[in-house]
Amino acid sequence: MSLHDRISSIKEAAAQELRAAKELPSLERAKGQFLGPEGSFTALMKELGTLAKEARPIAGKAINAAKQELESILAEKRSELELRAALPKEPADFSLPGRRRPVGRLHPLTQVTDDIVRAFRKLGFAVADGPEIEDEYHCFDALNTPKDHPARDSQDTFFIDTEGRPLLRTHTSSVQIRVMEKTPPPIRIVVPGRVFRRDNADATHNPTFHQIEGLYVDKGVTVSDLKGTVEAVFKEVLGDDVKLRFRPHYFSYTEPSLEIDFTNSLVKKLGKDWLEIAGCGMVHPKVFETVGYDPEVWSGWAFGFGIERIAMLRYGITDIRLFYENDARFLRQF
Amino acid sequence: MKVTLNWLKQYVDFNWTPEELTERLTLLGLEVEGVHKVAGEFDGVVVAQVITRDKHPNADKLSVCRVADGKGERQIVCGAQNFQAGDKVPLILPGASLPMKPGDKEPFTIKVGKIRGVESHGMMCSHEELGIDPEAIGHRREDGLLLLKADAVVGQPLATYLGRSGSDVVYDLETTPNRPDWNSLIGIAREIAALTGNPLRLPAAGLPSGGKPTAAEQVSVRIGAPDLCPRYTARVVRGVKVGPSPAWLRSALEKVGLRSINNVVDVSNYVMLETGQPLHTFDYNLVGRGASGVPTVVVRRAAEGEKFTTLDGREHTLSAENLLIADEQKGIALAGVMGGRNTEIQDTTVDVLIESAYFTPTQVRRTSKTLGLRTDASYRFERGADVGAADFASRRCAQLILETAGGTLADGVVDAFPSPAESRRIRLRHDRTDALLGIAIPADEQARHLAGLGLVEVSPSSPRGAESEWEIPTWRVDLKREADLIEEVARLFGVDRIPSTTPRGAQGSHPFDAQFDRFMAVRRALSGLGLDEAQGQTLISDASARWVTEDVVALANPLSSDMNVLRPSLLPGLLDTLRHNLTRRNGDVQVYEIGRVFTRVGNQAREGWRVAIAMTGARAPRFWSGADREALCDVFDLKGLVEELIERLGLRGVAYARRPEPTALFVESATVSLGGKLALGQLGQLQPVLGKRLDLRDPVFLAELDLDQLLQRGNSAKSFKALAQFPSIQRDLAMIVDEALTHDAVLAAVKQAKPANLEAVELFDIFRGKHVPSGQKSLAYSFTYRAADRTLKDEEVNAAHAKVVETFRSSLGASIRE
């Protein structure tokens, strides 16, 4: 057999062997058998030296061409087998539940508070706070509460067994006084916080609950401003379809005082025309005098409401105690 | 306060529907809490006249009639036999119901229907069907239809024919405490008058004159405590006949929820509702005579320990705090609260003493409260009665007693009113109204609203000036300054007509503003780490508070023993949350809370913000494969969360020191501090004994940190550090050390060795057991070396690392595992 014939016969054999390989090791074995140092193709190359000088280029070219052909077959086969080797042993069942990394939830009261605060902040309000343990002056006197108002009574308000017998604030309005005492006008604050009333817990009462209130003091503040801001805040919190109604009411620290009712599709669903949602009014001149603001120069409004009530309405929660039980099944719904 | 539509219409004209009235009152500030319609008697029953009567085609005993009902004609099938064409009879129309009889579950409602194939559009009624005793109304007892008198007006409601009351609407109003004048029909009517512009019609209360002897000759009044009773009026009516009230009076009271007692007492209640002025009637002859020989009323403070029995039969022990109406010998009424049993109006009473007085709110409230007696009178006095109304109400009362119980009125009144107060005057700047409300309301319109409410303008001028001055009527105790008048203008103008303007003006600022954001950031971080946020009660039990500290702030007036102190820590509340979840079959809970706590410092309470974490049960949600899928939370899950949070807040140098002994709360725990000095909090594992008591089965891990300190000491400022350009070289090292040696001590030794170019040290294994002697442990650390400006050479790293190894050997007594 001529060299040329041997080249093509070995090449055929090698190509067949390579193509037949079923997995990577047998491919590598086939490679060694032909192209390795001891391989039959390598032996052919070594024979090249024994040829006549003028025959070498032709034979060399033929060998190289065959070798290149084999190497490309090898590369192709290798990538094919590598791909096969990479396939998972068993197919993944993508309907199986994944390994969860749970994200914890913010308490619904936090979420609602945050939404309300955001609505106020859009309008230029800063968040303010004050102590929960208050004195009678800030909780009642400075807010023009009559001396014998029932709220001052130990029947309705918690008192603390320490010096001076302070009390737990019954509303966030005490913060109005604390802020105005320390800060000259103008004032624009929103106050979220815990308040306390001496009520036994039931579906609509908890001795601890949350209020939020806004206070705006400036020159030339009017009832119109009050209505405009209240509407802006409640649109943000309760949705664009909310309608508000203001009607006269009585609070000792505002004059005029108004109560705010709202309605939207939810209220209608509850079979009601209006639901009471908040109280508000123009800061009583006596309150201004108490904190040293001149009521002839400054006017302002305050408005406040219960956070639980908003959360209960928003989510359809029917028992206020759920907020304080922290049942995981409850918390994870929000 | 309950009022009825028909009663209101006695004082003012308005043509609103019952629903419109609700809306109008609400927008005036008078919240309508309930509305219910009172059906009149015999609603839907009219006087009808039989025109023709024919035999029913299909039934012998029935007849088919044509009947006039006042509006037209109806065909009625009837089974009665006692009537003929031309008779007037009661006809009940379809849709109306017969009165209920004993044993009826629901009323029988008349419908249009066929009787034996003939349509019947209503029913003619017998006296039994209507529940009427015919003889009592002057009619013949018939076997069959009730036959009405020939002069009955066809189409008239039967109730009108019989003189019974018609339908009405009862409104239950919530009156605000600043408006005592709203606790009267006239007060409500006055609001409607102001709103409509229609006049208010007060009852004339005209009295006959000439009754001798005069009131002054028959009763004397002495006010011993004018500070508590500025005014006391007395009238005398003699020769009354106490008996049942007439129907109109009984029905008026019953509709608003009062029980009829007798004509004299009912009149005093009626006038109280009408005018807002509580009245009391005494049996004149039971009031003791004084030195002057006539019954003498003495208004005085009770003596300490004085006993007094009120109308309801209860005996009270009084003090000087209580104001008593007395005669010269004994108390006869608790002023403004309740009358005495000893002078009560009885069936045998013939002479009546009418009291109409003003008692000061504070005194009445105190007496009512200390004695536990709340009455319609005390309710009105404690909110502030109308001192100006005393005589008017007394006259009205006398008038109605004469009308309903007969008798003779003694001429005149004894009116002890030693020092009437000057009427109050308030100025109103009309532009101030506009400035406060945000809308221009013409001065004349402002004045019209105030005048409509009964305020009287002092020296009005035309054209009106920039301001006006108003005399405040005695019933408006709430009007004290200009802002109050502006509110009145706003109410009557209509708050709904004041436009809303878009928010404008100053930018607010407050130190808490930034803190609120940081609280939210902490919440987001912890929720992001997989914890749910909890909110616990501020009020907890003393017992649970003492798990954490003895410095507890107690309530002076707790509601119950499980809510008698302010929480000194968030942990008791979180434990309660775990327990709550566990009893509801959820044993895997990981929660946190941010909240205020209260600790006692000396005799003061101190508030502070905390953040706390509680976890128990499975570490991760259930999964279906993996070796550690059953793993429970351990203390390093907790510490990992704390570390993550602390890193987020930018705190450095936080140290965790194991407490050598268990505490009341923890079986094993560590304090958290900044550099071992500034306390930040604690973390650890709950005492299993305590856990068991709370039904917690799995180990519970708790951490609590002082959030004020964390935020104050933290530094959230961030600055960019260039990314490493050159490769690092890593060296691992394992060593066997004493069990007591801490990770912190190892890090301290590394620091002491000061190896050059050390970038990081990381613990990657702790091993006890095979090949490690007992009482010792194997620790494996990985050291990363890197220079910022070049690629490190092996020799450099080896030299640096050798220093570490040497220090470990010498300072830690470690044996290095090669």
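The following paragraphs describe the domains, the contact between the chains, the cores, one sheet and selected backbone features of a predicted two-chain model.

Because the model is predicted, local features are given at pLDDT of at least 70 and side-chain atom pairs count only at pLDDT 80 or more, whereas totals for chains, interfaces and linings use all residues. Residues are numbered from 1 along each chain as its sequence is written, with chains lettered from A and ligands numbered from 1 in the order in which they are written.

In chain A, the domain assignment, with bounds that come from an automatic or database source, gives domain 1 (3–86) and domain 2 (108–331). The centres of domain 1 and domain 2 of chain A, taken over C-alpha atoms, are separated by 89 Å. Chain B is divided into domain 1 (2–40 + 167–196), domain 2 (45–162), domain 3 (215–416), domain 4 (425–496), domain 5 (512–713) and domain 6 (729–817). Between domain 1 and domain 4 of chain B the separation of centres over C-alpha atoms is 23 Å, and their contact (C-beta atoms, placed from the backbone, within 7 Å) takes 12 residues from domain 1 of chain B and 12 residues from domain 4 of chain B. On the side of domain 1 of chain B that touches domain 4 of chain B, the elements that give two or more residues are helix 2 (18–28) and helix 5 of chain B, where helices (H or I, at least four residues) and strands (E, at least two) are DSSP runs numbered from the N terminus. Helix 5 of chain B gives the most to that side, with five residues. The residues on this side of domain 1 of chain B divide into six nonpolar, three polar and three charged; here Ala, Val, Leu, Ile, Met, Phe, Trp, Tyr, Cys and Pro count as nonpolar, Asp, Glu, Lys and Arg as charged, and the others, Gly among them, as polar.

Between the chains, 76 residues of chain A are in contact with 78 residues of chain B. Helix 8 (residues 223–238) of chain A supplies the largest share of the side of chain A that touches chain B, namely eight residues. That side of chain A comprises 35 nonpolar, 17 polar and 24 charged residues.

The largest nonpolar core (buried Ala, Val, Leu, Ile, Met, Phe, Trp, Tyr and Cys residues joined through C-beta atoms within 7 Å) has 231 residues, and those with the most contacts inside it are Ala335(B), Ile401(B) and Ala614(B). A residue is taken as buried if 20 or more other C-beta atoms, placed from the backbone, lie within 10 Å of its own, as exposed if 12 or fewer do, and as partly exposed in between. Helix 5 (residues 185–196) of chain B gives the most to this core, with eight residues. When neighbours within four places in sequence are left aside, Ile401(B) is in contact with Val237(B), Val240(B), Val264(B), Val267(B), Val352(B) and Gly407(B). Another core, of 27 residues, lies apart from the largest one and includes Ile76(B), Met123(B), Cys125(B) and Ile132(B).

Four strands of chain B form an open antiparallel sheet in the order 37-38-36-39, strands being paired if DSSP finds at least two bridges between them. Strand 37 (758–767) and strand 39 (815–817) of chain B are the edge strands, each pairing on one side only, and the twist averages 30° from one strand to the next. Strand 37 of chain B is joined by eight bridges to the antiparallel strand 38 (residues 776–785) of chain B, and Ala760(B) stands opposite Thr784(B) in strand 38. Helix 22 (residues 794–812) of chain B lies across strand 36 (729–738), strand 37, strand 38 and strand 39 of chain B, running at about 10° to strand 36; axes are lines fitted to C-alpha atoms, for helices over the stretch in contact, and angles run from 0 to 180 degrees between N-to-C directions.

Most residues other than glycine have a negative phi, and most peptide bonds are trans. A cis peptide bond nevertheless joins Pro185(A) and Pro186(A), with omega about 0°, and Pro186(A) is placed in the loop between helix 7 (173–182) and strand 4 (187–196) of chain A. Another cis peptide bond joins Lys212(B) and Pro213(B), with omega about -10°. Asn144(A), although not a glycine, has a positive phi of about 65°, and counts as partly exposed because 19 C-beta neighbours lie inside 10 Å.
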